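Me: I want to go through the helix packing and strand pairing of this chain. For each label, I will ask what earns it.

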Amino acid sequence: MAAPVNNPTLNPRYVAPRGALPSGIELSRVWIDPDGQLRKHDTAIPVDQTTDKPTGILWSCLVTDADGNACPTRAWTFTEDAVPDPRGCGTHVVELFGEPLFSNDADPVKGARARAKARVRGMLDERKKAAKALAEAKVEALKAEAQRVAQRTRADFKGHAPSAVAGLATVAAGETAVIALDNAILTAALGLGVATAGAVVAYAVAYVVAKLRIKAIRGKSEVGVDRRRREIARRYGVAALASGGWLALAGAAGARLDTPRGCIALLAALLLVWAVCKEHWKELSQRRDRLREMERIRLENAARLEAERLAREAAEEEARRRAAEEAANQPPVPPIEVVPSTAEAKGAWMAQEWLRLGGLPSMPYGLKTIFGLTRIVPEKTREITTLSGGERVHVGWEFLIQGEPGSMSPTAGREDSDLIGSRNWLADAMGIDRHLVTLVDRPHGQPNTAGLLLSDAAPLGEPVMWKGRSGIRVAPNGAIYGHIGRTLLGEDIEECLFAPGRPGGGGTFGVTGSGKSVTGQILLLNRLAGGIFPILHDWKMFFDFSDFVGIFPMGCTMEHAEVIWRSTDAERERRQSYLAKLVVTDRHGRVRPDDPEWKIERDGPPIGVLWEEFHLFAEFEEFLARLTKTVRLQRATAIMQNISTQGGSLADMGDSTLRDQVNLIAMKLHRMSGAQANYTGYKGIYSPAELPAIPGAMLFQANEGEPIPMRGAYLTRKDVDGSLFDQLYAPDGTLLLPAPELPDATREVFEREGLMDLWRMGQGKGGRERLLADVDRTATAVDLSRLTATAPAPAAANPGGTGLLAKHVLLVLINQTPGCGRADVSYHPMWQQVGWSAYPNPSTITNALNALKREGKITIPTENVYQPTAEGALDAEKILAQIAGPAKASASGADAEHQAEAAAERAAVR
């Protein structure tokens, strides 16, 4: 099998703004390991929120101490050509080295450091090899130069040979002539001939030979070359003249070899050869010395240049080291901020900048017309601030763009106008990081307007993606926290989803279209991912929550709301009774009551109910009173109520106590006016009206703490990767976030009170249609007469016709068909015969059957089998008589008393 390839997860689109991570990246200890599992690690590194894989380039100091501990200095960049600032380590005054993180490393940080060390070692090895190769090349060059010098010396000595050989040959020839002739006159005559004609011939022959051999000499003119030829010829002529003169003198003197004086005279020829060649040989020696000196100077110059080069490289290296040291010791330079004294002054500056941008030649063609029809409104400029430690912190500026009618209409095939899509060009033209520029269409709902937001540090316009299970954190005390968004400074925000012994839930307030439903979606997702059992009621018929249908109980009618409240309140009573009865043996062996604190491992999952569009409950005063009682008593039972409404005033909430109870737990306020915020009961120092005009902007306040301006997490419902539906279901349809398993005691309560019926209605194919069909059940009206969950009244009645309750019809059906099952009575034709326009809800059937059983009218010997009691049979006959009327009753031939007796007899027989 081939070895796995390390593929860096670096995404070139990420650009790190100063002071914050780029959008889509967060520092996290949770990422996908090489085996594909999502695990929690000890070190936090940049993680791509989309892929849950490590990303970026790690720049680290490679210095380790004596114990082998690595220097903790590190920096991150997110583009291939980016470098950290400063680039050096302030502790060890060395340069940082960067390596990309690989997603298939067991420890990406250690892997990146190891690759950086290997790269540095490779660079050092290459430098050592280069230095060694350079030294070897210099040695070889010196050897070659020495060899060339030696070759030139031999050539110089070879230059003596022609003149010496010519002189010695002449002497030998003369000696031979003296011996051969043995005649002084002939010898003298031969000498004269050589000295005259021989000298001329030698000169001519030597000149011709020199002219043939010496064509041209580099650096010399033709005159100089000819002078060299004549000089050579002259030497040979002089040699011939000297040799002839010597022979003439030797013949005249009668020199012979048989006498000592003659031998001396003949040997004097050698002195004659030396005298003739002395100047020539001297010139050759001087030329050899000059060549050696020139070679020495050349080698010295080469050595000097090499030394200068090495010194220059050392100086450059020292300069780089000092620059890195200075950069490491120098504090980071804060970004230059142009903060005018007032927001209107900043708006005036931006208005001039807008005109400058409109005249740039680099502007795309589609923007030229739009810029000409739009302008910045200076008086509408707002400063964006946030809270940190109780103090206001500047974040950026928000400008209003006003356009002519139709100037910002989207073109064909686009959702937004060209202006909204021009963020990248606008940021580049202004010299600002793209992630710090945000364009919003109709920020305040007004047509032909747009919003321009310029932030100084964290990106405001980038959507905050929900983190999934990696955003869930369980504290040591058992509290569960979930990621809900990011502050305006780029920091993650968590919401407490459950805390043992503490009240849970909260209120969400915002006008229509402000993003409350998205906040509700994130709440439900966090509860599913955190092991909390969610329940939802939405008057909008699941308009924004249809993806969740079937996963947990959901309702959309008032009867559904009754079932949800009755079930959760009965479960609250069961849990309170259960916790109150717990005992424990203490340290002294005494049996005493246990701490009534709900423990998930022992008792089951917490339950969280979300009431969407709660203002529509304001007219049901009795329901609000019962729900308020539940909220007051639910603290220790791990049952939480979340309320989402538009205004938050008493007209919306219906009960000030209920509003105050949920507000003390947690508040989420979307963008609204200060007056509306006051109606909700909010009393913080930061107004929701100050929030930037971006989708999902809201204030989060927990336990009356400091309000946190933030942007909520978001998941699109479009058919793209990472959508809301993708978080709930795998590509093969497998449910990824199922509701937690309920304990048997809780299931029994929910079965008894009808919540399981409501849940089953939404499960399977057509579940949404079955739930929505209840909205059309116009013949069903809710009976709100009861005040407790332990003594429920009939759930539904027929407002027209006979006015019979559902339990009355069921009693008649069971009395007519003893031993019948649920399916027999749920879809019996009698419902239409007595005036019901549709079959009742399953929860209505369950509630009515439970009421008949509590009243002693029926028994249920086995599951889904119903028998009337004697009392129930009598009531059934009375109800049947009421349905049939007096005429039909008299026609039967028996009076009411007889009918009662007969019913009693039938019951006894059964």
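**Strands and helices, label by label**

Reply: Strand 1 and strand 2 (residues 38-48) run antiparallel and are joined by seven bridges. Keep in mind that this is a predicted model.

Me: What makes strand 1 and strand 2 a pair?

Reply: The bridge count. Pairing takes at least two bridges. Strand 1 and strand 2 have seven, so they count as paired. Within strand 2, Lys-40 is the bridge partner of Val-30.

Me: In what order do the strands of that sheet lie?

Reply: The order is 1-2-3, in an open sheet of three strands with antiparallel pairing. Strand 1 (25-32) and strand 3 (53-54) have a single partner strand each, so one side of each is left without a neighbour in the sheet.

Me: Which strands are the edges of the sheet with the order 5-4-6?

Reply: Strand 5 (74-77) and strand 6 (97-100), since each pairs on one side only. This open sheet has three strands and antiparallel pairing. From one strand to the next, the twist averages 25°.

Me: How do you know that strand 4 pairs with strand 5?

Reply: Four bridges join strand 4 (residues 57-60) to strand 5. The threshold is at least two, so the pairing holds. These strands run antiparallel. Leu-58 stands opposite Trp-76 in strand 5.

Me: What joins strand 7 to strand 8?

Reply: There are 11 bridges between strand 7 (residues 374-388) and strand 8 (residues 391-403), and the strands run antiparallel. Thr-385 faces His-394 of strand 8 in this pairing. The two strands form a hairpin with two residues between them. In the turn, Gly-389 has a positive phi of about 65°.

Me: Which other strand is joined to strand 8 by bridges?

Reply: Strand 10 (residues 449-455), through seven bridges, again antiparallel. Trp-397 stands opposite Leu-454 in strand 10.

Me: How many residues lie between the strands in the hairpin of strand 13 and strand 14?

Reply: Four, and Gly-490 there takes a positive phi near 90°. Six bridges join strand 13 (residues 480-487) to strand 14 (residues 492-498), which run antiparallel. Tyr-481 is placed opposite Cys-496 in strand 14.

Me: Now the helices. Why are helix 9 and helix 11 called roughly parallel?

Reply: Helix 9 (residues 558-580) and helix 11 (residues 621-633) pack at an angle of about 30°. Angles under 35 degrees count as roughly parallel. Helix 9 and helix 11 are therefore roughly parallel to each other. Their axes lie 11 Å apart, and the crossing is left-handed.

Me: Which residues of helix 9 and helix 11 make the contact?

Reply: Helix 9 contributes Met-558, Ala-561, Glu-562, Trp-565, Asp-569, Arg-572 and Gln-576. Helix 11 contributes Phe-623, Arg-626, Leu-627, Lys-629, Thr-630 and Leu-633. By class, this contact of helix 9 with helix 11 has six nonpolar, two polar and five charged residues.

Me: Why are helix 9 and helix 22 called oblique?

Reply: Their axes cross at roughly 50°. Roughly parallel needs an angle under 35 degrees, and roughly perpendicular starts at 65. The value falls in neither class, so helix 9 and helix 22 are oblique to each other. The axes of helix 9 and helix 22 (residues 842-854) come within 10 Å. This crossing is left-handed. Glu-559, Val-563 and Arg-566 in helix 9 meet Ser-843, Thr-844 and Asn-847 in helix 22. The residues of this contact divide into one nonpolar, three polar and two charged.

Me: What makes helix 5 and helix 7 roughly perpendicular?

Reply: Helix 5 (residues 343-358) and helix 7 pack at about 105°, with axes 11 Å apart. The class covers 65 to 115 degrees. They are therefore roughly perpendicular to each other. Trp-349, Met-350, Glu-353, Trp-354, Arg-356 and Leu-357 in helix 5 meet Trp-425, Leu-426, Ala-429 and Met-430 in helix 7. This contact of helix 5 with helix 7 has eight nonpolar, no polar and two charged residues.

Me: Why is the pair of Phe-371 and Trp-425 called edge-to-face?

Reply: The structure holds 13 aromatic pairs. In the pair of Phe-371 and Trp-425, the centres are 6.1 Å apart, and the planes lie at 85°. Centres within 6.5 Å make a pair, and planes over 60 degrees apart count as edge-to-face, so both conditions are met. Phe-371 is in helix 6 (residues 365-372) and Trp-425 in helix 7 (residues 423-430), 54 residues apart. The pair thus links distant parts of the chain.

Key: Residues are numbered from 1 along each chain as its sequence is written. This is a predicted model: local features need pLDDT of at least 70, side-chain atom pairs count only at pLDDT 80 or more; totals for chains, interfaces and linings use all residues. Side-chain values use heavy atoms; hydrogens and water are left out. Axes are lines fitted to C-alpha atoms, for helices over the stretch in contact, and angles run from 0 to 180 degrees between N-to-C directions. Angles under 35 degrees count as roughly parallel, over 145 as roughly antiparallel, 65 to 115 as roughly perpendicular and the rest as oblique. A crossing is left-handed if the near helix is turned anticlockwise from the far one by less than a right angle, and right-handed if clockwise. Contact means heavy atoms within 4.5 Å. Ala, Val, Leu, Ile, Met, Phe, Trp, Tyr, Cys and Pro count as nonpolar, Asp, Glu, Lys and Arg as charged, and the others, Gly among them, as polar. Rings of Phe, Tyr and Trp (its six-membered ring) pair if their centres lie within 6.5 Å; planes under 30 degrees apart count as stacked, over 60 as edge-to-face and the rest as tilted.
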